[in-house]
Structures are given as C-alpha cells and as structure tokens.
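Colleague: I'm new to reading models like this one. Could you take me through a single part closely, and tell me how it sits against the rest?

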Amino acid sequence: MFLTIPTIMTWTRIVAIPLIVGVFYAPLEPATRNLIATVMFVVFAATDWLDGYLARKLNQTSSFGAFLDPVADKFLVCASLLVLVHLQRADVFVALIIIGREIAISALREWMAQIGASKSVAVHMLGKVKTTVQMVAIPFLLYDGRLFGVVDTGLWGTGLIWAAAVLTVWSMVYYLQKALPEIRARVKR
C-alpha cells in the first residue's frame with residue numbers, strides 16, 4: 001500500500017523539509033519567514049497524528065507506512081534542528097544529542113528486529129513524551145518572537161528543547177536497558 005491517503009500524508013512530511021528550509025532563504029522579512037516556517041512545521045507535524053488516525057479509520061495500515069512514518073518524523077525533526085542551529089536558536093549540543101539518539105535507537109531497533117526481539121524496544125510512553133516536547137519546542141524556536149505579545153517563544157523554546165534533550169537521553173537509556181538482556185545473550189554466543 002504505497003499510495004494510500006495516510007502514506008501520502010506521511011510523504012508530505014518529507015517533502016516539507018526543503019520547503020521549510022527554503023523559507024529562510026526567501027527574500028522576506030525575518031518575522032514573516034519565522035511565521036511561515038512555524039505554520040508549515042505545525043501543519044506538517046500534525047499530519048503525524050492524522051495519518052495514523054486515518055490509517056486505522058480507513059483500514060489502510062501497512063508495513064511500509066509503519067516503516068515510513070517514524071522515518072518522516074525523524075527527518076522533519078532533524079532538518080528543523082539543523083536549521084535552528086544554523087540560525088543560532090538551538091545549541092549544537094542539543095542537536096547532537098537528539099540526532100545521535102535517533103540514529104542509535106533506529107539502529108538498535110533494526111538490529112533487534114533482525115534477531116526477532118523487536119518487542120523489547122517497542123515504542124514506550126517516554127519516547128512519545130520526548131517527541132511531544134520536541135514538537136512543541138521546535139515551532140517555538142522557529143517563531144522566535146512574542147506570541148500574543150506575551151509569550152517569549154525563544155525563551156520557552158530553549159527551555160523545552162533542553163527538556164527534550166534530557167528526555168531524549170532518558171528514553172535512550174530506557175531502550176538500551178530493555179535491549180540489554182538480548183544484547184548480553186548475543187555477546188555470550
């Protein structure tokens with residue numbers, strides 16, 4: 001099921017990446033660029049929830065969709081973090097933590113699937129909370145202004161992205177602990 005409605009929505013998150021990056025090279029006022037990039041990120045990030053809902057509702061779930069969905073999320077988050085580092089709105093250390101964890105846990109999950117132990121590193125609530133905090137922090141940092149004239153999104157975004165980095169490390173430790181018995185068993189062989 002390569003071209004179902006949910007899968008097409010997932011593909012839009014990947015297609016969104018050059019669009020969001022491109023906004024910052026457009027000859028627009030900085031505040032306009034920030035607003036456009038923020039709205040685009042929020043709209044495309046919302047497709048993560050919507051495509052999963054539609055896949056279940058329309059009975060269009062597929063193994064390809066299950067594979068592509070987290071890949072699209074990781075691409076969108078990592079590309080946005082790189083833009084934020086470039087704009088000096090996020091610390092490079094935070095980006096390294098988040099991107100490094102995504103690579104490490106993706107590799108761990110792939111290996112665990114190959115050895116038939118993928119359930120030990122199944123998605124946990126801690127990973128979902130981490131993703132939610134990231135998905136709130138990133139648009140705050142992209143906007144980088146005062147929301148409703150009151151909320152300093154740069155300040156809140158910075159706090160939230162650091163919180164996401166802490167949750168990122170915590171969730172990585174959790175997944176590694178869950179995989180450790182299987183890793184030990186394989187190393188002893």
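Modeller: Sure, let's begin with residues 35-54: this span is 100% helix and 0% strand, and its end C-alpha atoms lie 28 Å apart. Keep in mind as we go that this is a predicted model. UniProt, in an unreviewed entry, places the feature "transmembrane region" at residues 35-54, and also at 6-28 and 155-176. Residues 6-28 come out as 78% helix and 0% strand, with 33 Å between the end C-alpha atoms.

Now zoom out a little. The domain assignment splits the protein chain into domain 1 (1-88) and domain 2 (91-188). Their contact takes 16 residues from domain 1 and 16 residues from domain 2. Measuring over C-alpha atoms, you'd find the centres of the two domains 17 Å apart. How much area do domain 1 and domain 2 bury between them? It's about 1,500 Å², and 83% of that is on carbon and sulfur atoms. As background, the size of an interface is often given as the accessible area lost when the parts come together.

What about polar links across that boundary? Three residue pairs are in polar contact between domain 1 and domain 2, both partners being at pLDDT 80 or more. On the domain 1 side of the contact, helix H2 (30-57) and helix H3 (63-86) each supply at least two residues. H3 gives the largest share of that side, eight residues. Sort the domain 1 side by class and you get twelve nonpolar, three polar and one charged residues.

The salt bridges come next. The count between domain 1 and domain 2 is one, and the overall count comes to eight salt bridges. Lysine 74 is in helix H3 and glutamate 102 is in helix H4 (residues 92-114), so this pair ties together parts that are 28 residues apart in sequence. The side chains of lysine 74 and glutamate 102 meet in a salt bridge at 3.3 Å, N to O. In general, side chains of opposite charge can pair when their charged atoms come close.

Let's finish with another residue of H3, aspartate 69. The side chain of aspartate 69 makes a polar contact with the side chain of arginine 13, at 2.5 Å. If you leave aside the neighbours within four places in sequence, aspartate 69 is in contact with Thr10, Arg13, Asp48 and Asp51.

Conventions. Residues are numbered from 1 along each chain as its sequence is written. This is a predicted model: local features need pLDDT of at least 70, side-chain atom pairs count only at pLDDT 80 or more; totals for chains, interfaces and linings use all residues. Side-chain values use heavy atoms; hydrogens and water are left out. Domain bounds come from an automatic or database domain assignment. Contact means heavy atoms within 4.5 Å. Buried area is the accessible area (1.4 Å probe) that two parts lose on being put together, summed over both. A salt bridge is a side-chain nitrogen of Lys or Arg within 4 Å of a carboxyl oxygen of Asp or Glu. A polar contact is a pair of N or O atoms within 3.5 Å; within protein, one must be able to donate a hydrogen and the other to accept it, and residues adjacent in sequence count only if both atoms are side-chain atoms. Helices (H or I, at least four residues) and strands (E, at least two) are DSSP runs, numbered from the N terminus. Ala, Val, Leu, Ile, Met, Phe, Trp, Tyr, Cys and Pro count as nonpolar, Asp, Glu, Lys and Arg as charged, and the others, Gly among them, as polar. UniProt positions are given in the numbering used here, feature names are shortened, and annotations may be inferred rather than shown by experiment.
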